[in-house]
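Subject: Structure for you to look at

Hello,

Here is the structure I said I would pass on. Please open it first, then read the notes below with it on screen.

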2 protein chains.
Amino acid sequence: MAPTTPRPPTMRDVARTAGVSTATVSRYVNGLQRFTEATEARLREAIDQLGFTVDPVARSMITGRTHTVAVVILDIRNPHFTGIVKGANRKAQQLGYNLLFVDTGERQSAEAGMLRELSRRVDGLIVSSRMPDADLSTLRDLDKPVVFFGRASQVGVHSVSADGRSAAAMLGRHLIDLGHRRIAYLGYGAARWDAERKAGLTDALREAGLEPMFFSADSPTLEAGEKSVGEVLMGSARPDAVVCYNDMLALGFMKQAQAAGVRVPEQVSVAGFDDIPFARFSTPTLTTVDMQSEAMGELALERLIELIDGTLDASEEMLKPRLVLRQSTAAKVRT
Amino acid sequence: MAPTTPRPPTMRDVARTAGVSTATVSRYVNGLQRFTEATEARLREAIDQLGFTVDPVARSMITGRTHTVAVVILDIRNPHFTGIVKGANRKAQQLGYNLLFVDTGERQSAEAGMLRELSRRVDGLIVSSRMPDADLSTLRDLDKPVVFFGRASQVGVHSVSADGRSAAAMLGRHLIDLGHRRIAYLGYGAARWDAERKAGLTDALREAGLEPMFFSADSPTLEAGEKSVGEVLMGSARPDAVVCYNDMLALGFMKQAQAAGVRVPEQVSVAGFDDIPFARFSTPTLTTVDMQSEAMGELALERLIELIDGTLDASEEMLKPRLVLRQSTAAKVRT
DNA sequence: TTGTACGCGTTATCAC
DNA sequence: GTGATAACGCGTACAA
């Protein structure tokens, strides 16, 4: 039923029953100084007799701090973002902050307005977005500390990321070492990290005198991975190996390739990015690069709090990816 | 850098530049009445000249509404909860509400205190918890509307769920129809839904004059599924089919069973609950029951808002699960 | 239709 | 160490 909302006790109530002023109650609950035995006892008793707790809204009103930060991500169903949120949540609990969660996945149109609205409710924001670099100034104009996933220091916004270029280069060298020569990249152009992964792969191949073949999916999902098999594998020049933009694409791709009668890794090697939990449970298990999703979430939150506390200037921070070799990449079997 | 926080314009600022009173500004931004052409024009201009937006904190102070609801879940890495959050997020955006997200996974000890603290920042809460039924009154004592995932109407708390008992019975009958007789349940006792799934499976088996074999995992995860294979399959009496508490357990179990040389479904059928996205991409694809995670999230949020608005009384609501047949269950091959 | 004035619950700034 | 009291920014009687 709709509760009869018995208004919670206020500081005035406590002050009255303890026979002190509200200022004293405030100082007590905030632990700002010491009190005489007598008043402290009376305060303690009054507070837990009435079951008083401070109203954080009223407190925010005067301090200007909400102890809440926003986490804005693209799609919580993507385990990469799940990891980020998990990490941010953990750090937030440690530091006594709350998380205002927004999944923008379904309508990214009204993003600017939403960020502006959000920013009034929080002390700072962690943002993952596909907004074009040109619009990044939007983030600075929020006049609240922001940690962005992707380069943004040119507009004075702190950023956190994993080194996608070197990650992709690692994958590329690994595939070359296995003897592959026809290596494809199945990208997702709308994603912020697509360009650098593409570039890293290209770096590695060029060193070996090779050029990647390029394909692109229309979303970074399992389903899009399935759908891309036709284009990538059924053309005249089938690649030996396919590097996918992320693990979701890779898992979908691998599954459908097998369904189409193509053996992985015997006929084609497949790899992805992120090292999502399921990468270890597919058949074959998936070679990938751990992009440190959870660590990124933790780091982002930690840095955001430092920005809020004013103990940090904007900068860029990059985590080191880790190559994870599994069964989906192997030397090609000549038939 | 830490922004120099130029205080945002207030209603007083708008009132002054528009030459009206703050009350008029308030009425205008809340669209409560009509104005003369002249004042409306001056208001409009003053507002977007100053870039004024109302301070939601100050507004909450007076209205007692934060337009924020808490979503408290056990582990965002479990796709079941991911779905719930996705659904809740969608509905929240539609209804103009914000989501305060909490993943309690790592420390569920301080839960009661956390809920109490949270409740002061929000208009209502959506809660998934392993708290014992005896502690459910905690939720009512928050004096804020709550929607709980699981039966709780005995303490006057609205609840939403999917019918696990009939879901499990459906799976049971399916396995019996396939000719299986030695059917096992790999449960996870700490989970709220474990008992009813167990009961539903037992219902179905008893109708056929059978009794399930019981095993239990120590967490509802991929890893725990892997670890359970030894106990379940390597005993003296190997089951024909294994129903797992959820898809995560099932996928982990299936993978490790295969690694141990047991063929699925030829030697043992495997099924789970939730129909997580990856269930369609494992090898073999996983038979499961769609427990409507996303719909549960949407429904929970919708009902919560109704409770907040006082247009709904506490009750229990149950969604209908849907059996999803895939490759992991099949008639056993006699060898 | 518009203005005046008060209150929401807390913290900060002075006095004492 | 403690108490008055003025903010914080907004909504809303009540009066005009």
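Counted over all chains, the structure holds 48 salt bridges. Please keep in mind that this is a predicted model. The idea behind such pairs is simple: side chains of opposite charge can pair when their charged atoms come close. One of them is formed by the side chains of B:Asp75 and A:Lys86, with 2.8 Å from N to O. B:Asp75 sits in the loop between strand S1 (68-73) and helix H5 (79-95) of chain B, while A:Lys86 belongs to helix H5 (residues 79-95) of chain A, so this pair joins two chains.

Next, the two protein chains. How is chain A superposed on chain B? A rotation of 180° does it, with 0.0 Å of shift along the axis and an RMSD of 0.1 Å. This is the relation of a two-fold axis. To find the axis on screen, look for A:Leu100: in chain A, its C-alpha is the one nearest the axis, at 2.3 Å. The copies meet through the same surface, because 100% of the interface residues of chain A are also interface residues in chain B.

Then the DNA. There are 28 residues around DNA strand D, and those that come nearest are A:Thr24, A:Arg27, A:Thr36, B:Met11 and B:Arg59. By class, this surface has 12 nonpolar, nine polar and seven charged residues.

Which helices supply at least two residues each to the surface near DNA strand D? In chain A they are helix H2 (22-29) and helix H4 (56-63); in chain B they are helix H1 (11-18), helix H2 (22-29) and helix H4 (56-63). The largest share, four residues, comes from H4(B).

On the DNA side, 60% of the strand D atoms within 4 Å of the protein belong to sugar or phosphate, and the rest belong to bases. Three side chains are worth finding here. A:Thr24 has a polar side-chain atom 2.5 Å from a phosphate oxygen of DNA strand D. For B:Ser26, an N or O atom of the side chain is 2.9 Å from a phosphate oxygen of that strand. For B:Asn30, the distance from a polar side-chain atom to a phosphate oxygen of strand D is 3.3 Å.

Last, a record. In an unreviewed entry, UniProt lists residues 9-63 of chain A as "domain: HTH lacI-type". In the model, that span is 69% helix and 0% strand, and its end C-alpha atoms lie 21 Å apart.

Regards

Notes. Residues are numbered from 1 along each chain as its sequence is written. Chains are lettered from A and ligands numbered from 1 in the order in which they are written. This is a predicted model: local features need pLDDT of at least 70, side-chain atom pairs count only at pLDDT 80 or more; totals for chains, interfaces and linings use all residues. Side-chain values use heavy atoms; hydrogens and water are left out. Copies are superposed by least squares on the C-alpha atoms of residues with pLDDT of at least 70 in both. Contact means heavy atoms within 4.5 Å. A residue is near a molecule or strand if one of its heavy atoms lies within 4 Å of it. A polar contact is a pair of N or O atoms within 3.5 Å; within protein, one must be able to donate a hydrogen and the other to accept it, and residues adjacent in sequence count only if both atoms are side-chain atoms. Ala, Val, Leu, Ile, Met, Phe, Trp, Tyr, Cys and Pro count as nonpolar, Asp, Glu, Lys and Arg as charged, and the others, Gly among them, as polar. UniProt positions are given in the numbering used here, feature names are shortened, and annotations may be inferred rather than shown by experiment. A salt bridge is a side-chain nitrogen of Lys or Arg within 4 Å of a carboxyl oxygen of Asp or Glu.
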